[in-house]
Amino acid sequence: MNPADAIRPAHVEVSLGAIAQNYDAIRAHVGTAQVMPVVKANAYGHGIVEVARHLMNHGAPCLGVALLEEAIVLRQAGISIPILVFGGVATRQIPQFIQHGLMMAASSVDKLRQIDEAAAAVKTKACVHLKIDTGMERIGVHWYSAEKLLEASLQFSNVEVAGIYSHFACSDDSDLSAAREQLSRFLEVLEFYPKHGLQTPLRHIANSGGVLQLPESHLDLVRPGIMLYGVYPSKDVLRPVQLTPALSWKSQVVFFKVVQPGSPISYGGTWSSDHQVRVVTVPVGYGDGYFRALSNRGSVLIRGQRHPIVGRVCMDQFMVNLEWGTAYNGDTVTLIGSDSSESITAQDVADAAGTIAYEVLTNINTRVPRVYV
Ligand SMILES: *Cc1c(COP(=O)(O)O)cnc(C)c1O
């Protein structure tokens with residue numbers, strides 16, 4: 001779809017080429033480790049099916065998602081490569097995991113037994129990755145109780161343990177001591193395999209922070225999410241990999257006016273000027289996922305210049321103060337992206353809204369059309 005043909009004068013532009021380029025940069029950085037691109041949450045707002053298909057055609061060996069539903073959407077779109085679902089597995093979901101050939105996270109003997117029985121019932125083998133909690137306290141068997149799970153996992157003949165993994169809580173910090181502690185707990189758990197003369201399943205722990213900051217955590221496979229989309233996981237991280245942002249968010253000026261001194265703008269009348277100003281209206285709001293917290297804090301680019309949002313962001317529109325700048329109806333408004341020499345990153349929007357870039361991207365909802373370039 002051509003952006004100019006979009007029904008609304010607002011769209012998100014996604015560069016699949018930039019995502020492939022970031023994937024290649026990650027591969028080059030991690031050497032022999034496999035790369036499992038993470039496409040959960042609508043591929044961090046970029047469009048799960050389009051991104052997954054592009055990465056599969058680009059050679060990605062597998063994909064990671066958070067939910068069973070996300071994996072089923074991918075299967076229904078013809079994505080045939082292995083998919084690991086990170087989240088916990090409810091007993092009633094097990095048959096669907098097996099039916100769609102999806103890899104499950106398993107973190108208890110009880111769940112393994114249920115998976116084994118469900119697989120036996122349809123005369124197939126189910127594929128799992130054992131989930132070890134090394135300090136995130138989210139899901140997984142605690143590292144200090146993991147040995148029993150590893151032992152038990154050997155006894156289920158209808159379950160194939162393809163991988164074993166953990167997840168970092170603080171790999172995007174400048175202080176990496178907690179992450180190093182998690183990694184050493186994980187490596188300790190893994191000693192079980194050589195100790196018993198067993199083949200070790202695929203070992204993985206690194207998210208984007210781990211990929212960037214802890215080369216020793218790359219192991220057999222890495223699971224980058226945010227960096228695939230060209231965004232660093234935090235402002236503090238080391239940047240050994242050059243990334244290209246894949247998403248920009250554009251709209252257009254739909255209204256121009258001159259506002260008199262003392263006339264408050266938008267709900268609650270939170271902003272007014274003591275002199276005459278030129279103000280334009282942009283047809284995007286928190287109903288699209290553009291945070292209301294950007295009221296009187298965020299800014300946008302028009303004609304290569306940065307201008308502040310004034311007054312509260314409404315559900316479907318917000319206002320921008322041009323002071324004495326010029327703009328015409330139909331001019332491009334850049335919410336995220338670049339215009340001439342100026343640019344606004346997802347991190348900039350996150351800073352203005354008091355959140356993280358992850359939330360800025362995943363919050364852009366389906367009301368905003370995606371255009372792939
Ligand atoms: C979301 C997620 C990732 C990717 O995290 P990023 O910080 O975006 O790289 C990796 N692994 C698991 C288990 C996740 O839930």
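In this predicted model, the C-alpha atoms at the two ends of residues 246-373 lie 10 Å apart. Helix accounts for 12% of this span and strand for 37%. The span carries a UniProt annotation, taken from an unreviewed entry, that reads "domain: Alanine racemase C-terminal".

**Domain arrangement**

The domain assignment divides the protein into domain 1, residues 32-229, and domain 2, residues 247-372. A distance of 39 Å separates the C-alpha centres of domain 1 and domain 2. Contact between them involves 8 residues of domain 1 and 7 residues of domain 2.

The values for the interface of domain 1 and domain 2 are set out below.

| Property of the interface | Value |
|---|---|
| Buried area between domain 1 and domain 2 | about 790 Å² |
| Share of the buried area on carbon and sulfur atoms | 65% |
| Salt bridges between domain 1 and domain 2 | 0 salt bridges |
| Polar contacts across the interface | 3 residue pairs, both at pLDDT 80 or more |

On the side of domain 1 that touches domain 2, helix H2 (residues 40-44) supplies the largest share, with 3 residues. By residue class, this side of domain 1 consists of 3 nonpolar, 4 polar and 1 charged.

How many salt bridges join domain 1 and domain 2? The count between the two domains is 0, whereas 3 residue pairs are in polar contact across their interface.

**Salt bridges**

For the model, the count comes to 11 salt bridges. One of them is formed by the side chains of Lys 195 and Glu 147, with a distance of 4.0 Å from N to O. The pairing of Lys 195 with Glu 147 qualifies because the rule accepts a side-chain nitrogen of Lys or Arg within 4 Å of a carboxyl oxygen of Asp or Glu.

Where in the chain do Lys 195 and Glu 147 lie? Lys 195 belongs to helix H9 (residues 192-195), and Glu 147 belongs to helix H7 (residues 146-153). The pair links distant parts of the chain, the two residues being 48 residues apart.

How values were computed
Residues numbered from 1 in each chain as written. Predicted model: local features only at pLDDT ≥ 70, side-chain atom pairs only at ≥ 80, totals over all residues. Heavy atoms only, no water. Domains from an automatic or database assignment. Contact = heavy atoms within 4.5 Å. Buried area = accessible area lost by both parts, 1.4 Å probe. Polar contact = N/O pair within 3.5 Å; in protein donor to acceptor, adjacent residues only side chain to side chain. Helix = DSSP H or I, 4+ residues; strand = E, 2+ residues; numbered from the N terminus. Nonpolar A, V, L, I, M, F, W, Y, C, P; charged D, E, K, R; others polar. UniProt positions renumbered as here; feature names shortened; annotations may be inferred.
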